[in-house]
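User: I have a model open and would like to know how its labels are earned. Could you take me through them?

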Amino acid sequence: MTKVYPNASFTGRVPPCKAEMKEEVMTVWKKSLIFNCNGFTVFDGKGDLVYRVDNYMEGNKGSILLMDANGKALLTIRCKKMSLGLGDNWLVYEGEETMAIPRLSVKKSVNIFNNKCLAYVTAGESDGRNNKTMYEIEGSYTRRCCAVLDDRRRIAAEIKRKEGGSGVAFGTDIFRLLVQPNNIRTDFAMALVILLDQMF
């Protein structure tokens with residue numbers, strides 16, 4: 001039977017140098033490990049707990065923390081309401097710091113001519129001008145079939161449905177996140193999953 005839960009211990013391993021990094025395959029479970037919480041639990045290919053999100057309030061779109069296995073905040077995700085109904089802009093900060101300059105800005109695509117694109121990711125806070133798109137997310141998050149493409153249209157990360165050992169597919173609450181660490185940080189890729197879940 002395929003494991004969905006973590007191994008007993010957290011290894012706290014140090015990531016390899018960038019030259020030897022290979023594709024990271026993670027299992028994402030849209031469930032918090034804390035009772036009566038919404039969130040995500042993420043395991044690596046060995047079944048070890050890597051990331052978690054525990055959201056205590058239903059529908060909380062204010063601030064979301066992406067934590068490591070020990071509960072240390074890695075990224076804070078905040079929604080910034082835009083005026084004139086132009087949609088929300090999501091900002092991603094390092095750690096629990098939200099007063100610093102954000103690392104990423106993510107905006108849902110509203111372009112009717114490009115219906116493949118789900119969202120655009122830029123560096124820092126997006127002011128709507130002179131911001132170069134770092135990543136573009138295409139596909140269907142609701143079907144768990146989408147890709148994060150970098151500025152040269154290379155795949156940086158993919159979200160795919162997870163299948164069990166005998167070809168039995170899991171529901172949409174359990175899926176795979178495949179990350180190319182040379183193109184995107186794994187915690188940034190997981191932050192994009194969280195944002196897609198908020199948007200769609």
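Below, each label is set against the rule behind it.

Analyst: Happy to help! One thing to keep in mind is that this is a predicted model.

User: Good to know. Why is Arg 144 called buried?

Analyst: Its relative accessible area is 6%. Buried means under 20%, so Arg 144 is buried.

User: And why is Arg 153 called partly exposed?

Analyst: Arg 153 has 44% relative accessibility. The label covers values between the buried limit of 20% and the exposed limit of 50%, so Arg 153 counts as partly exposed.

User: What is the phi of Arg 144, and where is this residue found?

Analyst: Arg 144 is not a glycine, yet its phi is positive, about 55 degrees. The residue sits in the loop between strand 9 (133-140) and strand 10 (145-150). Arg 153 also has a positive phi, near 65 degrees, and is likewise a residue other than glycine. Its place is the loop between strand 10 and strand 11 (155-161).

User: On to the cysteines. How do you know whether Cys 145 is in a disulfide or in none?

Analyst: The nearest cysteine sulfur belongs to Cys 146 and is 7.1 Å away. A disulfide needs two cysteine sulfur atoms within 2.5 Å, so Cys 145 is in no disulfide. By this rule the count of disulfides is zero.

User: Why is Cys 79 called buried?

Analyst: Cys 79 has a relative accessible area of 17%. The cut-off for buried is under 20%, so the label applies to Cys 79.

User: What makes strand 6 and strand 7 a pair?

Analyst: Strand 6 (residues 88-94) and strand 7 (residues 104-108) share four bridges, in the antiparallel sense. Pairing asks for at least two bridges, so these strands pair. Within strand 7, Lys 107 stands opposite Asn 89.

User: Which larger arrangement do the strands build?

Analyst: Twelve strands form a closed barrel in the order 1-2-3-4-5-6-7-8-9-10-11-12, with antiparallel pairing. From one strand to the next, the twist averages 20 degrees.

User: Last topic, the largest nonpolar core. Which residues touch the most other members?

Analyst: The core has 41 residues, and those with the most contacts to other members are Phe 40, Tyr 141, Leu 177, Ile 184 and Met 190. Helix 1 (residues 186-199) gives the most to this core, namely ten residues.

User: What does Ile 184 touch?

Analyst: Leaving aside residues up to four places away in sequence, Ile 184 touches Tyr 135, Val 148, Ala 156, Ala 157, Val 179, Ala 189 and Leu 192.

Technical notes:
Residues numbered from 1 in each chain as written. Predicted model: local features only at pLDDT ≥ 70, side-chain atom pairs only at ≥ 80, totals over all residues. Heavy atoms only, no water. Core = buried A, V, L, I, M, F, W, Y, C linked by side-chain atoms within 4.5 Å. Buried < 20%, exposed > 50% of the residue type's maximum accessible area, 1.4 Å probe, protein only. Helix = DSSP H or I, 4+ residues; strand = E, 2+ residues; numbered from the N terminus. Contact = heavy atoms within 4.5 Å. Axes fitted to C-alpha atoms, helices over the stretch in contact; angles between N-to-C directions.
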